[in-house]
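Student: I have a structure open and don't know where to begin. Can we go through it bit by bit?

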Amino acid sequence: MSGTEDHEQTEQVVHLLELLAADAPVDQLADAPAPERARDLALRIGATRELHRRRESAQSSLLDIARELSTEKEPEVVLEAIVRRARTLIGTDLAYLTLYDPEAGDTFMKVTDGSVSADFQSLRLSLGDGLGGLVASTRKPYWTADYPADERFSHTHEIDHGVGDEGIIAICGTPLIVESNFVGVLFAANRSPRPFSRSEVVLLGDLAAFAALAIVQTRALADAQTAFAALTEAHETVRQQATGVARAAAAHDRFASVVLEGGGVADVTRALVDLLGGWAVLFDGTGERRSTLGPAPAPDGDRDALLSLPVVDRARHEAGRLVEEDGVHAIGVIASHEELGTLVVGAPGTLEEADQRTVERAAVVTALVLLFERQADDARQTARNRLLADLLSGRGSHEERTGYLRSAGLEPREPMCLLVARGGDPTQQRALALTVSTLLGEGSLVGTHDGAIVALVGGDDADHLARSLAERVTRGPRLTVGGCGPLTDVDDLPRAFEDGARTAGALIALGRSGTGAAARELGFAGLIVGSDPDVHDYVQSVLGPVLHYDAERGSDLVGTLVAYFAAGSSPRHAAGELHVHVNTVAQRLARVSALLGDDWQHPDRALEIQLALRMRRLLESR
């Protein structure tokens, strides 16, 4: 071979490599002039690449279905979406789903996509008849490229008429199995002969698994273990199909295994760090850290300052998309356009494409776990709300309500306090109630009642508990908390709720929103809002140090205060009324300042003191 021919073949091979690098389609590779061996090798590479691309597309579609399945509440919508996607992904003329009727002992048409025949849409299949009947009776998938001529199946006039009216030739069917029970069949069909590949049959089986899970969700409350078993099956299928992205497939398997072993979002975060190295932090929708693993940085020394990084803000605005800045990656944890949280990741090096997909899939799995946790939390919160409603309205016998308290971890014979919190709009009540429940921990009963967040908690200092709770709620809407107690009898709870609600309202009216207090700590306002005001306690709380001083030394600082205020706060006129020198009055008032504080003449304090002096005189006159 001459040097010119060698050079020409080299140029052809280089051109072929350039086409591969440019992601040229297979037909363009086939038309390129090149040595036969080089072209065959390029076609094999292009075909393998196209296979991986199709698998990646199927993988993304399965994850989309998982998102729809976790958020959609209407079963008809979920089943219609699955049948629609079966038709698109398998590439057939129509797809349909039949459900098992245990009373009739056959299957009936539930959902169709692409069907034009009314007879076909009303078709019922007896177990064992036709391809679908064989799938139903054996619980195994069957497929055929030419159904009318396939003698493996029991042909009946009714079935053949319906299939013929629709013009169906090729059919693939796979069973829907729920907890070892047959519930239906998912079909993909074509109006012309066509074979079905093994991968297409497996993909239809994955879609059938999602349809089965949707049916389970309509029959009972979603069980997290069952739901994630279906997700595990889908992930395992994706792993087998995406052989070219083994690391992403391993991540699917790891996430699914974590959940099936009873793990939560913290275990998903741990699995992500085990796969990628580095660190990861999951923030929930309120900005609280739900899980942290690895040496996450603390900008400016503040561990929560990580949430304010620009990359985290970008992730919130680019729904479901992984973003990166200065080596920190972030992605929103989103389901049905609702932000459930943010996953922030720092890898030891640059994240490759497969690793980026691993982070994205970790966000999807985390969203699903959070959704199932929310469903469980909602169920528990509904029970708490019902329990609180019975306690606060006095429904049921005394013994029954006492039992309610014990079931919530409270001992009725021990002192407890009732806290009534107001804040946020109605859409935020659920999240705030969960926050309060988390802050108060075990030994408390938290729920919503009559538009307020209500908490029963052990203790005898209602004022301290109310102030502490208001101070600890630092994210989201601030809470104004009215406290009442201590209480030792369930019969006191309805009145205590009214007192707590009035106290919270009084705090808001007094310009003290976002704080907490018991009625007795509100001064004269507490006498108004309380249902059983303790005047003696109020007098002692305002004048206690002065009364104690007079009792110990035989002095009359109280009388001096009465004269001082009666004289319009004039020491000279007060001295005339008391028949003492003005300096004596000044000395006594200085002692009052030492006992009550230098601000005792401030208008608000002075008003409280004058009211207390009058109340004391009323008490002495009884």
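Tutor: Start at strand β15 (residues 480-487), which holds proline 486. Keep in mind that this is a predicted model.

Student: OK. Is the peptide bond from glycine 485 to proline 486 cis or trans?

Tutor: That bond is cis, and its omega is near 10 degrees. For background, most peptide bonds are trans.

Student: Another backbone thing. What is phi for aspartate 326?

Tutor: Phi there is near 55 degrees, a positive value in a residue other than glycine. In general, most residues other than glycine have a negative phi.

Student: And where is aspartate 326 found?

Tutor: Aspartate 326 sits in the loop between β9 and β10. Those two strands pair in the antiparallel sense over three bridges, with β10 covering residues 328-335. One of the pairs is glutamate 324 with histidine 329, the latter in β10.

Student: So which sheet has β9 and β10 in it, and in what order do its strands run?

Tutor: They belong to an open sheet of five strands, ordered β8-β7-β11-β10-β9, with antiparallel pairing. At the edges stand β8 (289-293) and β9 (323-325); each has a single partner strand, so one side of each has no neighbour in the sheet. From one strand to the next, the twist averages 15 degrees.

Student: What holds strands together anyway?

Tutor: Strands of a sheet pair through backbone hydrogen bonds, either parallel or antiparallel.

Student: Back to the edge. How many bridges join β7 and β8?

Tutor: Four, in the antiparallel sense, and β7 spans residues 279-284. Valine 281 faces threonine 292 in β8. The hairpin of β7 and β8 has four residues between the strands, and glycine 287 takes a positive phi near 90 degrees there.

Student: There's a six-strand sheet too. What's its order?

Tutor: The order is β3-β2-β1-β6-β5-β4, again an open sheet with antiparallel pairing. Here β3 (124-126) and β4 (142-144) are the edge strands, each with a single partner, so one side of each is left without a neighbour in the sheet. The twist averages 25 degrees from one strand to the next.

Student: Which residue in β2 is the bridge partner of leucine 99?

Tutor: Phenylalanine 108. Strand β1 (residues 94-101) and strand β2 (residues 106-113) pair antiparallel over seven bridges.

Student: Switching to helices. How do people describe two that pack together?

Tutor: Two packed helices are described by the angle between their axes and the distance between the axes.

Student: Then what are the values for α20 and α21?

Tutor: Helix α20 (residues 557-566) and helix α21 (residues 571-578) pack at about 120 degrees, and their axes are 8 Å apart. The two helices are therefore oblique to each other.

Student: Is the crossing left-handed or right-handed?

Tutor: α20 passes α21 in a right-handed crossing.

Student: Last topic: pockets. What's the volume of the largest pocket?

Tutor: About 1,100 Å³. Its lining has 32 residues, and those nearest the centre are Asp284, Thr286, Ala431, Leu434 and Thr435.

Student: Which elements supply the lining?

Tutor: Among them are β11 (338-346), α13 (353-393) and α15 (429-440), each giving at least two residues.

Student: And how does the lining split by class?

Tutor: The lining of the largest pocket has nine nonpolar, nine polar and 14 charged residues.

Notes:
Residues numbered from 1 in each chain as written. Predicted model: local features only at pLDDT ≥ 70, side-chain atom pairs only at ≥ 80, totals over all residues. Heavy atoms only, no water. 1 Å grid on protein atoms, 1.4 Å probe; cavity = no way out; pocket = protein on both sides within 12 Å on 5 of 7 lines; lining within 4 Å. Points joined across faces, edges and corners; volume = space filled by probe spheres on them. Nonpolar A, V, L, I, M, F, W, Y, C, P; charged D, E, K, R; others polar. Pairing = 2+ DSSP bridges. Axes fitted to C-alpha atoms, helices over the stretch in contact; angles between N-to-C directions. Parallel < 35°, antiparallel > 145°, perpendicular 65-115°, else oblique. Left-handed = near helix turned anticlockwise from the far one by under 90°.
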